[in-house]
Amino acid sequence: MPTVESLNWRLPWRPLNHPLDLPALQRQLKRELADDHPLWGKSAEVIGRRVDNDDGLVCCSDGTLATHLDWAKETHVKPWDYPSALSHESAAALQRAIDADAADYDD
């Protein structure tokens, strides 16, 4: 079974390789989450991001994989409604989403 570590990163997705990426994206994620958000309290870590929009790929301590981030300047008033967090049930499902995004990106 595929794992997050074995993801085949394809554009527009990329892993966080630059040392300044992770701290900045972690701060942004923390800024956006409020207690009613689906990722609240899940020890989320940003592991990747899209190069063509503001989406980040988040891996949580409970195994949740989600795409999220909207670069808000503060916590949202209605976090259950926006920003969205699209969950993927497994690393294999996430890989399928990455592959689909890559196919669209190449078009």
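## Contacts along the chain

Start with the contacts: of those in the protein chain with a separation of 6 or more, 54% are between residues 24 or more positions apart. Keep in mind that this is a predicted model. The protein chain has two helices and five strands, and from the N terminus on they come in the order β-α-β-β-β-β-α.

Of the 107 residues in the protein chain, 41% are buried. The accessible surface adds up to about 6300 Å², and carbon and sulfur atoms own 51% of that.

## Helix H1

H1 covers residues 21-32, so to speak a 12-residue helix, and its first and last C-alpha atoms are 17 Å apart, close to the 16 Å expected at 1.5 Å a residue. Its buried residues are Asp-21, Leu-25, Gln-28, Leu-29 and Glu-32. They sit on the same side of H1, because the arc they cover around the axis is only 100 degrees. Flip to the face turned away from that buried side and you find the exposed residues Arg-27 and Lys-30.

What do the buried residues of H1 pack against? The partners are four strands by name: S1, S2 (45-50), S3 and S4.

## Val-46, a contact point for H1

Take Val-46 as a close-up of that packing; this residue belongs to strand S2. Val-46 has a relative accessible area of 1%, so it counts as buried. Leaving out residues up to four places away in sequence, Val-46 touches Leu-16, Leu-22, Leu-25, Gln-26, Leu-29, Leu-57 and Val-58.

Two of those names should ring a bell: Leu-25 and Leu-29 are also listed among the buried residues of H1. The C-alpha atoms of Val-46 and Leu-25 are separated by 6.6 Å, with their positions 21 residues apart along the chain.

## Helix H2

H2 runs over residues 91-106. How far apart are its end C-alpha atoms? They are 22 Å apart, which agrees with the expected span because 16 residues at 1.5 Å a residue should also give 22 Å.

The buried residues here are Ala-91, Ala-92, Ala-93, Leu-94, Gln-95, Ile-98 and Ala-102. They pack against S1, S3 (56-59), S4 (65-68) and S5 (86-88). S1, S3 and S4 thus turn up as packing partners of the buried residues of both helices, while S2 is on the list for H1 and S5 is on the list for H2.

## Salt bridges around Arg-50

The count of salt bridges comes to six. Two of them involve Arg-50. One is with Asp-52, where the side chains meet at 2.7 Å, N to O. Arg-50 is buried, because its relative accessible area of 12% is under the 20% cut-off. Asp-52, at 39% relative accessibility, counts as partly exposed.

The other partner is Asp-101, whose closest N and O atoms with Arg-50 are 3.2 Å apart. This pair ties together distant parts of the chain, with Asp-101 in helix H2 and Arg-50 in strand S2, 51 residues apart. Asp-101 has a relative accessible area of 22%, so it is partly exposed. Through their shared partners, the salt bridges join Arg-50, Asp-52 and Asp-101 into one network.

## A salt bridge between two loops

Asp-62 and Lys-42 also pair up, with their side chains meeting in a salt bridge at 3.4 Å, N to O. The two residues are 20 apart in the chain and link distant parts of it: Asp-62 is in the loop between S3 and S4, and Lys-42 is in the loop between H1 and S2.

Buried, partly exposed or exposed: where does Asp-62 fall? At 48% relative accessibility, Asp-62 counts as partly exposed. Lys-42 counts as partly exposed too, at 23%.

## A nonpolar patch on the surface

Which residues make the nonpolar surface patch of about 260 Å²? The makers are Leu-11, Val-51 and Tyr-105. Leu-11 comes from the segment before strand S1 (13-15). Its relative accessibility is 46%, so Leu-11 counts as partly exposed.

Definitions and conventions. Residues numbered from 1 in each chain as written. Predicted model: local features only at pLDDT ≥ 70, side-chain atom pairs only at ≥ 80, totals over all residues. Heavy atoms only, no water. Patch = residues over 30% accessible without salt bridge, like charges linked within 9 Å, V, L, I, M, F, W, Y side chains within 5 Å. Areas by Shrake-Rupley, 256 points an atom, 1.4 Å probe, with all protein chains shown as cover. Salt bridge = Lys/Arg side-chain N within 4 Å of Asp/Glu carboxyl O. Buried < 20%, exposed > 50% of the residue type's maximum accessible area, 1.4 Å probe, protein only. Expected span 1.5 Å × (residues − 1). Contact = heavy atoms within 4.5 Å. Arc of directions from axis to C-beta.
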